[in-house]
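Colleague: Could you take me through one part of this structure in detail? I would like to follow a single helix, what surrounds it and what comes after it.

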Amino acid sequence: MPEGPELHLASLYVNKMCNGVVFGGPVIKSKVSKNPDVAFTCELYCITATSRGKEVKLTLTPMKSDDDGKRRSKSGQADQPMDIVFRFGMSGYFHLTSEDEVPKHAHLRFYTKEKPRRVLSFVDTRRFGSWQPNGTWQPDRGPCVMFEYKSFRENVLSHLSDRAFDRPICEVLLNQKYFNGIGNYLRAEILYRLHIPPFACAREALEGLELEDEFEKGKPLKNEITNTKTPERAKKKGIKQETGDLLRLCHTVPLEVVSLGGKGYDPEKVDYSAFEAWLQCYYVDGMKSVRDHNGRTMWFKGDPGPMAPKESKSPKAKKRTKKDDDHDYTDKKKVAKSVKDSTTKKRAIKKEFPKKETSTHLKEVSSKGGKAKKNQEGTPQSETRSTARRRNSSSAEPAAGRERRSGRATRKNSK
C-alpha cells in the first residue's frame, strides 16, 4: 500500500514529467470507475502536483493564449484552476506514456496537446483509490509527518489524553488523524529501530517527549538523510544513538525513503532492490509477524508487548501450512498407507469370524461327545496367548481348513 513517501515521490514524478508539457481537451474517466467525473475542459492547461501525508493534489491551471477571449467565450471551457485530490488506496500511481501504451487500469487520463499525444494516467489495479474534483485536504487527517513536523508533533503531544492513545502503539501509528503518512512498513521500521514492543500502550510510549525537539534546532536531519542513500544494516547501532525519539523517527524514516531517489516508485524502472536493502524489519527473514486487532500484519522482533491479541498467529505461517498441504506429496503416501491399513483390518476381521464359529461348534460338540471336550479345554489358551500369533501367521486358507475339520468332527459325533 502506498504510504507518505510513495505519494510524495508520485508528486515529484508528475512535476518532473509534466514540466513544460501542455495538456488540452477534456479529462477522461474509465467506464468501470465509480469515482466522480472531472468536469474540466480546456484548450490549453498545465499540471502540477503537491503531496501531504497520504494525499496528492493535482492542480490543472488554464494557460493564456493570443485568442484568450475567444477561448473564454466557448461554452464549457474552464478559465479557473481546478484541484483534484487523490488517495491512492492499495495500488494507485501516476504514469506518463504514449497514447498507444496507456496501462490497462488507467482510470483517469489527461491528454497532452502535442502530436503524437501522450497521456498522464492515474493507474489503480485494485480500484481502492479515489479522487475528488475541486477537493481539499481531508480535514480528519493530521499534519504531514514529513513536511509539517512541528505541527505534527504538537498535534500528537497535545492529544495524548484522547482515548485513541489507549490502544497499542502499532495501531495508533496507522491513525491518520495523528500520523498522516505513516503506513504498515513504516511503523514496523520505526518501532524496530527503537526496540519498542508493537503492542505496548501508545500513551506510555509517547509520554515524556517534549513539545519542542531540540534535535530539530540544530537541523542535522538533512545531513543524515543524504548519508542514507546507500544504507547498510550494519549501521543499526548508529541509528539508535542518533534517534531515540518516536515522533522524530516518524519524521526522519519516511524522508530516508524519499532520499532513495524514487527507485521504489518510478513506474518506468520497477527496481525495488535499493528499497529492499533499506528495510531492516518489514518482510525481513528472521522477523516475526502477527495480525493486530484491525487485521493488519505487524512485523517485529522480540516480545510483542502486553496488548498483543490473544491466540494470534502469523499469517505467513498460515500460508506456508497451506502450501505444504497442497504440494507435499508424502501425504499421498500416508493416505495410501491408511487405505492399506484399513484393508488389512477388514481382512483381519474376516479371519476372526471363522474362529467364533468354531467356538460355537466346539460348545455343541462338548455337550454330545468326549472328544470335543478336549478341544474345548484348549480354546481358552488359544484365545488368550496364541490368538495374536495366529492372526499374524495364519492365512485365510488354514482357517477354512479348520472349519472343514471341525465340520467333519461334528458330523461324526452327531452320527
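Modeller: Happy to; here is a walk along α5, with its surroundings and a few backbone points.

A word on the basis: this is a predicted model, in which local features need pLDDT of at least 70, side-chain atom pairs count only at pLDDT 80 or more, and totals for chains, interfaces and linings use all residues. Residues are numbered from 1 along each chain as its sequence is written, and side-chain values use heavy atoms, with hydrogens and water left out.

The helix α5 covers 184–194; helices here are DSSP runs (H or I, at least four residues) and strands are E runs of at least two, numbered from the N terminus. Eleven of the eleven residues in α5 are buried, meaning under 20% relative accessible area with a 1.4 Å probe and protein chains only, while exposed means over 50% and partly exposed lies in between. The buried set includes Leu186, Ile190 and Leu194, but also Asn184, Arg187, Glu189 and Arg193.

Just after α5 the picture changes: His195 takes a positive phi of about 55°, although this residue is not a glycine. Most residues other than glycine have a negative phi. His195 sits in the loop that leads from α5 to α6 (202–206), and this residue counts as exposed because its relative accessibility is 55%.

Now for the surroundings. The largest nonpolar core has 48 residues, and Phe165, Phe179 and Leu206 have the most contacts inside it. Such a core is a set of buried Ala, Val, Leu, Ile, Met, Phe, Trp, Tyr and Cys residues joined through side-chain atoms within 4.5 Å. Both α5 and α6 are among the elements that give two or more residues to this core, as are α3 (149–157), α4 (169–172) and α11. The largest share, eight residues, comes from α10, which spans 246–258.

Phe179 is worth a look of its own. Leaving aside neighbours within four places in sequence, Phe179 is in contact (heavy atoms within 4.5 Å) with residues including Phe152, Phe165, Leu206, Leu247 and Cys250. Apart from this core lies another, of 29 residues, among them Leu7, Val14, Met82 and Phe122.

Two further backbone points are worth checking. Tyr283 also has a positive phi, of about 60°, although it is not a glycine; Tyr283 is found in the loop between α11 (273–278) and β10 (288–291) and is exposed at 52% relative accessible area. The peptide bond from Lys115 to Pro116 is cis, with omega near -5°, and Pro116 falls in the loop between β7 (106–111) and β8 (118–124).
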